[in-house]
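I open this notebook page to keep track of what I look up, starting with enclosed spaces and then turning to a pair of helices.

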Amino acid sequence: MKSILDYETVALADERDAIVIIDQTLLPGQTKLIDLKTGEEIWNAIYLLQVRGAPAIGVCAGFGIYILMKHSKASSEEEFLSELKKNKDYLNSSRPTAVNLSWALERMEHKVISFIEEEKRAGRSFDKESVIKVMHDESEAIKAEDIDVCRRIGENGLTLLKKGDGILTHCNAGQLATCKYGTATAPIYLGHERGYDFHVYCDETRPLLQGARLTAYELHSAGIDTTLICDNMSASIMKAGKIQAIFVGCDRVAANGDAANKIGTSVVATVAKHYGIPFYVCAPTSTIDMNTFTGDDIVIEQRKPEEVTDMWYKERMAPEGVKVYNPAFDVTDNSLISGIVTEYGVLRAPYDKAIKEMFEQNK
């Protein structure tokens, strides 16, 4: 029987002009691979959380813009770039908070423009097939880099842990949110391979239950000692001394170190501060947005009320007409973060200075 970890979260099926993803809305009850071929299918998959997690969304977006441009009917550079921008803007509108979405789309557009300019300087005219080949290679590079980055985050995060530690995580920043290893779970997977004997507690993560449906599922599939808890139980196990470190992922890190992650993350960070437990945010540098100065500037996605009132229940569990507040994310203030774990190392406060220096050193 195949483990969920035996499947690729996002893959390019170039021969049939499709992106293949695991439909994560059906997990853990059903493991179903689906093809995304049209702009609408790709947009819906991102919006409906069939593919989710900032890195996986970025990889999907890179493949998506390539697939949409692969058979472009554009007959000139101007037409091609206009069509590219239209498709980029459309896909980018699917979710506002995860910066990897816009990052990947902008990277793909920039690669195309740079290649065209290089060809002009060499005296060569616009060649659509060559441009599309460049887009293919760049989209595959984004995926390969994601796998490498996650492993490096895992190695850096593992230096913060000891054998036998109890670890708490929130939402899903695991393999299902990336292409391999995950971000917040990468230290856990690498430690498990090396006999660290971690015990992991997973917040169920209301209202969409990514911790229960996804993180608990994949960690348990990997043979890791895993316990599922309701979100409002985290303070209880922290007080009981069961948690030595907290690892979470994120969808966007501001230039000052404020981090947006799944709703409820800031509650975990606040309680961790009270009990003196280190709280780490695992963030590929693609998730750090230097154009977003503080967490106050991060646009927080508002989701449909049915996710709270109806989605997981046989019958509606709230009175008709009641108001529902359903933000997908909250922002954890940088003062609550013990370290930001990147592929280049663990950043410490003051984060504005540490982030700036990291980018300068790794240009």
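Entry 1, cavities. I looked for enclosed spaces in this predicted model, and I found that the structure holds two cavities of 30 Å³ or more.

Entry 2, the largest cavity. I noted that the largest cavity contains about 180 Å³ of space, and that 21 residues line it, with Arg52, Gly53, Ala54, Asn172 and Asp251 lying nearest its centre. When I asked which elements give two or more residues to this lining, I arrived at α2 (54–70) and β9 (259–262). Sorting the lining of the largest cavity by class, I wrote down ten nonpolar, seven polar and four charged residues.

Entry 3, the second largest cavity. Here I recorded about 40 Å³ of space, with a lining made up of Pro207, Leu208, Lys262, Ile263, Arg303, Glu307, Asn326, Pro327 and Ala328. The classes in the lining of the second largest cavity are five nonpolar, one polar and three charged.

Entry 4, two helices. How do α3 and α4 run relative to each other? I looked up helix α3 (residues 77–92) and helix α4 (residues 99–121), which pack at an angle of about 170° with their axes 9 Å apart. Angles over 145 degrees count as roughly antiparallel, and α3 and α4 are therefore roughly antiparallel to each other.

Entry 5, where the helices touch. From α3, I listed residues including Phe80, Leu81, Leu84 and Lys88, and on the α4 side the contact includes Leu105, Glu109, Val112 and Ile116. The residues of the contact of α3 with α4 divide by class into nine nonpolar, two polar and six charged.

How values were computed:
Residues numbered from 1 in each chain as written. Predicted model: local features only at pLDDT ≥ 70, side-chain atom pairs only at ≥ 80, totals over all residues. Heavy atoms only, no water. Axes fitted to C-alpha atoms, helices over the stretch in contact; angles between N-to-C directions. Parallel < 35°, antiparallel > 145°, perpendicular 65-115°, else oblique. Contact = heavy atoms within 4.5 Å. Nonpolar A, V, L, I, M, F, W, Y, C, P; charged D, E, K, R; others polar. 1 Å grid on protein atoms, 1.4 Å probe; cavity = no way out; pocket = protein on both sides within 12 Å on 5 of 7 lines; lining within 4 Å. Points joined across faces, edges and corners; volume = space filled by probe spheres on them.
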